[in-house]
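User: Please take a close look at the side-chain contacts in this model. Which parts of the chain do they link, and how well covered are the partners?

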Amino acid sequence: MTERAAPRDEAVVSFTEVQRVLGLFADGMAGAPLPIEVADDELEVWPWRTSMIDDAVVRVPAVATDRGALRAAVLHHTGLTEFGSFDGRDDREAAFDAAARPGLVRRIFGVLEDRRVDDVTALRYPGARRDLARVLADARAAAPDEA
């Protein structure tokens, strides 16, 4: 007899439950030690964050819907480095600062860069497509309607 999967609401996983395995996964994907921290605010975690993240630390929620959501956050973060998001950062920041609305320019760049990285990650790592797609679909479904 097979066991039925728990409904999504009951399938939550805390970071502390998977910290070691997720840390090894992050280190392997990055090719070097990559610290993972629990974010103080869920709005600081991909796909909700509103600015580019620091390349030195992966920030994850304390609790996620499942392990796949945490893996997707690590893949997205390592993809930022792997696919060049941090290259030329100083020049890009100078251009943002020179804009009439630097915050808006940073936000638009971040959204577009996140999309690019997610698309390239899905192409490079086909096994990640389902986790990435589910996290992004959940984020879109939960997002408030904005003008």
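Analyst: A residue is called buried when its relative accessible area is under 20%, exposed when that area is over 50%, and partly exposed in between, using a 1.4 Å probe and the protein chains only. The model is predicted, so local features need pLDDT of at least 70 and side-chain atom pairs count only at pLDDT 80 or more, while totals for chains, interfaces and linings use all residues. Residues are numbered from 1 along each chain as its sequence is written, and side-chain values use heavy atoms, leaving out hydrogens and water.

Aromatic rings come first. A search of the whole structure gives one aromatic pair, where a pair means rings of Phe, Tyr or Trp (its six-membered ring) with centres within 6.5 Å; planes under 30 degrees apart are stacked, over 60 edge-to-face, and the rest tilted. The partners are Phe-96 and Phe-109, with 5.4 Å from centre to centre and 55° between the planes, a tilted arrangement. Phe-96 belongs to helix H3 (residues 89-98) and Phe-109 to helix H4 (residues 102-124), so the pair ties together parts that lie 13 residues apart in sequence. Helices here are DSSP runs of H or I with at least four residues, strands are runs of E with at least two, and both are numbered from the N terminus. Phe-96 counts as buried because its relative accessibility is 7%. Phe-109 has a relative accessible area of 21%, so this ring's residue is partly exposed.

Charged side chains are next. A salt bridge requires a side-chain nitrogen of Lys or Arg within 4 Å of a carboxyl oxygen of Asp or Glu, and the count by this rule is nine. One of them joins Arg-134 to Asp-66, with 2.7 Å from N to O. This bridge links distant parts of the chain, 68 residues apart: Arg-134 sits in helix H5 (residues 129-142), and Asp-66 in the loop between strand E4 (63-64) and helix H2 (67-82). Arg-134 is buried because its relative accessibility is 17%.

Another bridge brings the side chains of Arg-124 and Glu-82 together, also with an N to O distance of 2.7 Å. Here helix H4 supplies Arg-124 and helix H2 supplies Glu-82, and the two residues are 42 apart along the chain. Arg-124 is partly exposed at 48% relative accessibility, and Glu-82 is partly exposed as well, at 34%.

Within helix H4 there is a bridge between Glu-113 and Arg-116, at 2.6 Å from N to O. Both residues lie in that helix, three residues apart, which is about one turn. Glu-113 is buried because its relative accessibility is 9%. Arg-116, at 32%, is partly exposed. Elsewhere, salt bridges that share partners join Asp-66, Arg-71, Asp-131 and Arg-134 into one network.

Two backbone details can be added. Ala-11 and Thr-65 are 54 residues apart in sequence, but their C-alpha atoms are 6.0 Å apart in space. Ala-11 is placed in the segment before strand E1 (13-14), and with 30% relative accessible area this alanine is partly exposed. The peptide bond from Trp-46 to Pro-47 is cis, with omega near 5°, and Pro-47 lies in the loop between E2 and E3.
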